[in-house]
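Please find below a colleague's note, set out as numbered points for discussion at the bench.

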Amino acid sequence: MMENDIQEVLFSEEQLKQRVQEIARQIDEDYAGQEIMLISVLRGSFVFMADLCRAIHLNCMVDFMAVSSYKNGTTSSGQVQITKDLTEDITGRHIIVVEDILDSGNTLHYLLNLLEHRNPASIRLCTLLDKPSRRKVPVEVHYSGFTIPDAFVVGYGLDYAERYRNLPYIGILKPYVYGGQ
Ligand code: PRP
């Protein structure tokens, strides 16, 4: 059972649900009377995106992008490749990029810059988790679920070697799983 590989539950299903509702209320308030487009960056954000979009009451379009960031060990590099682009034109739209985790900032720094060049009306970033201690390039965050320490977290969309994405909570992985102490 994958639960046996979890050392500690960092955020329970209930805590995640509560925080997602709070973020959604904030977005509803900030964009009152406007239509927004949520852009989920695959794959990690698919669970957060599914919950967040259903908690928002505004008119809301959704679209998806996939990027692959060359990784040096566990840190992403500045070299980001778009493996799936958006289907929709974002010109003149209010965009919120939805991410599961902001780490070095390399991926989001590149992606936000790329999307800004497509002339949206506005663009903001919503990340469920933020690890500011790991930041290498500055990224402006408008909505952040939780600030976390530099631990190996999985679940609620986040993976280790493509596993654990389907855990309904966020947990810290036992170090033996990734060859640690
Ligand atoms: C994660 C996350 C961000 C990126 C953040 O994706 O979804 O896209 O890493 O890291 P950074 O701030 O250091 O750039 P990952 O590459 O693990 O792919 P996945 O979403 O498919 O799991």
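**Notes on the predicted model**

1. Leaving aside neighbours within four places in sequence, serine 68 is in contact with Gln79, Val80, Gln81 and Thr83. The model under review is a predicted one. The C-alpha atoms of serine 68 and valine 80 are separated by 5.8 Å, although these residues are 12 apart along the chain.

2. Serine 68 belongs to strand S3, which covers residues 60–72. Is serine 68 buried, exposed or partly exposed? Its relative accessible area is 32%, and because this value falls between the limits of 20% and 50%, serine 68 is classed as partly exposed.

3. The largest nonpolar core comprises 32 residues. Within this core, the residues with the most contacts are Ile27, Phe48, Leu52, Ile96, Leu129 and Ile170. At least two residues of the core come from each of the following elements: S1, H1, strand S2 (36–42), H2, strand S5 (94–102), strand S6 (122–130), strand S7 (143–147) and S9.

4. A second core, separate from the one above, has 18 residues, including Val41, Val67, Ile90 and Leu115.

5. Which residues does leucine 52 touch, once its neighbours within four places in sequence are left aside? Leucine 52 is in contact with Val20, Ile23, Ala24, Ile27, Val98 and Cys126 under that condition. Leu52 and Ile27 are both listed among the residues with the most contacts inside the largest nonpolar core.

6. Strand S9 (residues 170–173) is joined to strand S1 (residues 6–11) by 4 bridges, and the two run antiparallel. In this pairing, phenylalanine 11 stands opposite isoleucine 170 of S9. Ile170 also appears among the residues with the most contacts in the largest nonpolar core.

7. Strand S9 is further joined to strand S8 (residues 153–154), here by 2 bridges and again in an antiparallel arrangement. Valine 154 stands opposite glycine 171 of S9.

8. The second largest pocket has a volume of about 220 Å³. It is lined by 14 residues, of which Glu13, Leu16, Lys17, Asp51 and Tyr156 are the closest to its centre. Helix H1 (13–30) and helix H2 (46–55) are the elements that give two or more residues to this lining.

9. Which element gives the most to the lining of the second largest pocket? Helix H1 does, with 5 residues. By class, the lining of this pocket consists of 7 nonpolar, 2 polar and 5 charged residues.

Technical notes. Residues are numbered from 1 along each chain as its sequence is written. This is a predicted model: local features need pLDDT of at least 70, side-chain atom pairs count only at pLDDT 80 or more; totals for chains, interfaces and linings use all residues. Side-chain values use heavy atoms; hydrogens and water are left out. Two strands pair if DSSP finds at least two bridges between them. On a 1 Å grid over the protein atoms alone, a cavity is a set of points where a 1.4 Å probe fits but cannot get out, and a pocket is an open set with protein on both sides within 12 Å along at least five of seven lines; lining residues have an atom within 4 Å of a point. Grid points are joined across faces, edges and corners, and a volume is the space filled by probe spheres set on the points. Ala, Val, Leu, Ile, Met, Phe, Trp, Tyr, Cys and Pro count as nonpolar, Asp, Glu, Lys and Arg as charged, and the others, Gly among them, as polar. Buried means under 20% relative accessible area, exposed over 50%, partly exposed in between (1.4 Å probe, protein chains only). Contact means heavy atoms within 4.5 Å. A nonpolar core is a set of buried Ala, Val, Leu, Ile, Met, Phe, Trp, Tyr and Cys residues joined through side-chain atoms within 4.5 Å.
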